[in-house]
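This briefing is meant for someone meeting the structure below for the first time. It begins with one hairpin and then moves outward, topic by topic.

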Amino acid sequence: MRTLALIATALVATGSSPTVVAKVKLKQFAQPCAAAGGAGAVWVSEFSAPYLLKINPKTNKVVKKIGIGSGACGLAYGAGSLWIEDTNSNTISRVSVAAMG
């Protein structure tokens, strides 16, 4: 199984490396490409699979898998939406997080 590591973003003053605080197990052959935080969740795009994963950062579990089409890689959260870059179609889609639940 592949693992997506959630890394603490704050570095201590000593200059040490970030600390892995959790690992989220993904299904075999998953290819996580990008992650973004927003609306109380961590969102992960899978490049080779047509899915967007919603992860609960409190439990570190995938709570929802949403179909978005293959080729999705770049991902950002802003203005209540996820912005998803699709390298297969050369597009950026804006998807309302509220509509995805």
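In this predicted model, strands β5 and β6 form a hairpin in which 4 residues lie between the two strands, and Asn60, which sits in the turn, has a positive phi of about 60°. The chain that holds this hairpin has 1 helix and 9 strands, and when it is read along the sequence its pattern is β-β-β-β-β-β-β-β-β-α. Of the 101 residues in the chain, 32% are buried.

**The β5–β6 hairpin**

- The two strands of this hairpin, β5 and β6, run antiparallel and are joined by 6 bridges.
- Two of the facing positions can be named: Leu53 stands opposite Lys65 in β6, and Ile55 stands opposite Val62, which is also in β6.

**The four-stranded sheet**

- The hairpin belongs to an open sheet of 4 strands, which follow one another in the order β3-β4-β5-β6 with antiparallel pairing.
- The edges of this sheet are formed by β3 and β6, each of which pairs on one side only.
- On average, neighbouring strands of this sheet are turned by 25° against each other, with direction ignored.
- As general background, strands of a sheet pair through backbone hydrogen bonds, and they may do so in either a parallel or an antiparallel way.
- Strand β3, which covers residues 32–38, pairs with strand β4, residues 41–46, in the antiparallel sense over 6 bridges, and one position in this pairing is Ala34, whose bridge partner in β4 is Ser45.
- β3 and β4 also form a hairpin, with 2 residues between them, and here it is Ala39 in the turn that has a positive phi of about 60°.
- On its other pairing, β4 meets β5 in the antiparallel sense over 4 bridges, where the bridge partner of Val44 is Leu53 in β5, and these two strands form a hairpin with 4 residues between them.

**Strand β4 and its surroundings**

- How many of the residues of β4 are buried? The count is 6 of the 6, so this strand is largely enclosed by the rest of the structure.
- In a regular strand, the side chains alternate between the two faces of the sheet.
- In β4, Ala41, Trp43 and Ser45 point one way, while Val42, Val44 and Glu46 point the other way, and all of these residues are buried.

**The three-stranded sheet**

- A second group of 3 strands forms an open sheet in the order β7-β8-β9, and its pairing is antiparallel.
- The edge strands here are β7 and β9, the latter covering residues 91–96, and each of them pairs on one side only.
- From one strand of this sheet to the next, the twist averages 25°.
- β7 and strand β8, which spans residues 81–86, run antiparallel and are joined by 5 bridges, and among the paired positions is Ala76, whose bridge partner in β8 is Trp83.
- Val95 lies in strand β9 and counts as partly exposed, at 23% relative accessibility.
- The C-alpha atom of Val95 is separated by 7.7 Å from that of Ile84, although the two residues are 11 residues apart along the chain.

**The disulfide**

- The model contains 1 disulfide, which is formed by Cys33 and Cys73, with their sulfur atoms 1.7 Å apart.
- Because Cys33 lies in strand β3 and Cys73 in strand β7, residues 72–78, the pair ties together parts that are 40 residues apart in sequence.
- Cys33 is partly exposed, and its relative accessible area is 32%.

**The largest pocket**

- The largest pocket has a volume of about 230 Å³.
- Its lining consists of 14 residues, and those that lie nearest the centre of the pocket are Leu26, Lys27, Glu46, Leu53 and Lys65.
- By class, the lining of this pocket includes 8 nonpolar, 2 polar and 4 charged residues.
- Which strands each supply at least two residues of this lining? They are β5, residues 51–56, and β6, residues 61–67, the strands of the hairpin with which this briefing opened.
- Leu53 and Lys65, both listed among the residues nearest the centre of the pocket, are also the pair that stand opposite each other, with Lys65 in β6.

Definitions and conventions: Residues are numbered from 1 along each chain as its sequence is written. This is a predicted model: local features need pLDDT of at least 70, side-chain atom pairs count only at pLDDT 80 or more; totals for chains, interfaces and linings use all residues. Side-chain values use heavy atoms; hydrogens and water are left out. On a 1 Å grid over the protein atoms alone, a cavity is a set of points where a 1.4 Å probe fits but cannot get out, and a pocket is an open set with protein on both sides within 12 Å along at least five of seven lines; lining residues have an atom within 4 Å of a point. Grid points are joined across faces, edges and corners, and a volume is the space filled by probe spheres set on the points. Ala, Val, Leu, Ile, Met, Phe, Trp, Tyr, Cys and Pro count as nonpolar, Asp, Glu, Lys and Arg as charged, and the others, Gly among them, as polar. Two strands pair if DSSP finds at least two bridges between them. Axes are lines fitted to C-alpha atoms, for helices over the stretch in contact, and angles run from 0 to 180 degrees between N-to-C directions. A disulfide is a pair of cysteine sulfur atoms within 2.5 Å. Buried means under 20% relative accessible area, exposed over 50%, partly exposed in between (1.4 Å probe, protein chains only).
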